[in-house]
Amino acid sequence: MSTNQQLNLPPMGCGTWAWGNRLLWGYDRSMDRQLQEVFNLCVSNGVTLFDTGDSYGTGKLNGRSESLLGQFSTEYSGLNSERICLATKLAPYPWRLTRNSMISACKASAKRLGRNVDLVQMHWSTANYFPWQEWQLLDGLADLYEQGEVKGVGLSNYGPKRLKKVYQKFRDRGVPITTLQVQYSLLSTYPITELGLKEVCDELGIKLIAYSPLALGILTGKYSEKGSLPPGIRGFVFRQILPGVKPLLSCLQAIAESRNKTMSQIAINWCICKETIPIPGAKNPEQAKQNLGALGWKLDSGEVEELDKAAASVDKTMVQNIFQTK
């Protein structure tokens, strides 16, 4: 049985990174019930991959997102419960210097989740600023796989050059890399169009996970230059990008109307058509229902081409993750 079969990777996952970011800025416990509804709705409809990270907490980095996800998974007993796949990303903090530190981190995540981690991932590479630290931590991830503590190992924010080096190291130990997670959307095509990651992943048998497939909400169509924008850095980014994305949003809207779909569903389905697993966040059942509407159908080649051209014409794209390597 292949690792992907063991992990039951679905065509779309639900990324708890969105919940995690909210938790970092101040957690409201009244959200618990809504998030449980989101979880139940997703699993019952066949979306069974949930991605989180041990750094997604309340500002004290205590893994609150993992604890919530574990609680939701434990309390759910409906359809597809046996297919639930819990993925987490372990942060290469400066104080994590040995392979044992990653083993301990994964066990702490498993305790918060209330079960073993299915897919453990390196949250980002330290190659750009602390390269010698990374190999020890990667050895720890490989140890976890060899010891049977996890079903699969993945990476996040790695480019093709670094990916190939890590792949070779893992292959020498007989440890497959199951997934690679990168920022990818119609407003963030860089990893594929410029780095060529998809071709490399296909060659190596690695499944590409697309985080932030809605570009922090810009691709939903609910924001405009003259309308209200999110506070803080997110609003600042939106003000820089929105003026130049009108053609792309117009293209999204036209296809959405012809398909009787929402712009969000078109944007997510585009990621699926690119053979990636998009992991859109959902903070309430309505957003989850929107995301689910992206499943069960596909854009045709002409529509994908239209969106590709519109995306290529955008003058300002989403800012890339600072940890993304080449």
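Trainee: Are F39 and Y76 buried or exposed?

Mentor: Good place to start, bearing in mind that this is a predicted model. To count as buried, a residue needs under 20% relative accessible area. Both F39 and Y76 are buried.

Trainee: What kind of aromatic pair do F39 and Y76 form?

Mentor: A pair of aromatic rings is described by the distance of the centres and the angle of the planes. For F39 and Y76, the centres are 6.1 Å apart and the planes meet at 75°. Planes over 60 degrees apart put a pair in one class, and for F39 and Y76 that class is edge-to-face.

Trainee: How many residues apart in sequence are the parts that the pair ties together?

Mentor: Let's place each ring. F39 belongs to helix 3 (residues 31-44), while Y76 sits in the loop between helix 4 (64-75) and strand 3 (85-90). The pair therefore links parts whose separation in sequence is 37 residues.

Trainee: Which residues form one aromatic cluster with F39?

Mentor: The structure holds 9 aromatic pairs. Y76, already known as the partner of F39, is in the cluster too. The residues that join F39 there are F50, F72 and Y76.

Trainee: Is F130 buried, partly exposed or exposed?

Mentor: F130 pairs with W132, with ring centres 4.9 Å apart and planes at 90°, so this pair is edge-to-face. The relative accessibility of F130 is 27%. Partly exposed covers the range between 20% and 50%, so F130 counts as partly exposed.

Trainee: Which residues touch the most other members of the largest nonpolar core?

Mentor: That core has 86 residues, and its largest share, 7 residues, comes from helix 12 (residues 263-273). Leaving aside neighbours within four places in sequence, L141 is in contact with residues including L90, M102, V153 and F170. The members that touch the most others are L141, L163, L180 and L187.

Trainee: How many residues are in the second, separate core?

Mentor: C85, I209, Y211 and I277 are among its members. C85 has 0% relative accessibility and so counts as buried. The size of this second core is 8 residues.

Trainee: How many disulfides does a search of the whole structure find?

Mentor: A disulfide is a covalent bond between the sulfur atoms of two cysteines. C251, at 14% relative accessibility, counts as buried, but burial is a separate matter. The number of disulfides found is 0.

Trainee: Over which residues does pLDDT stay under 50?

Mentor: The mean pLDDT of the protein chain is 89. Where pLDDT is low, the predicted coordinates should not be read in detail. Values are below 50 over residues 16-27, and also over residues 1-5.

Notes. Residues are numbered from 1 along each chain as its sequence is written. This is a predicted model: local features need pLDDT of at least 70, side-chain atom pairs count only at pLDDT 80 or more; totals for chains, interfaces and linings use all residues. Side-chain values use heavy atoms; hydrogens and water are left out. A disulfide is a pair of cysteine sulfur atoms within 2.5 Å. Buried means under 20% relative accessible area, exposed over 50%, partly exposed in between (1.4 Å probe, protein chains only). A nonpolar core is a set of buried Ala, Val, Leu, Ile, Met, Phe, Trp, Tyr and Cys residues joined through side-chain atoms within 4.5 Å. Helices (H or I, at least four residues) and strands (E, at least two) are DSSP runs, numbered from the N terminus. Contact means heavy atoms within 4.5 Å. pLDDT is the predictor's confidence in each residue, from 0 to 100. Rings of Phe, Tyr and Trp (its six-membered ring) pair if their centres lie within 6.5 Å; planes under 30 degrees apart count as stacked, over 60 as edge-to-face and the rest as tilted.
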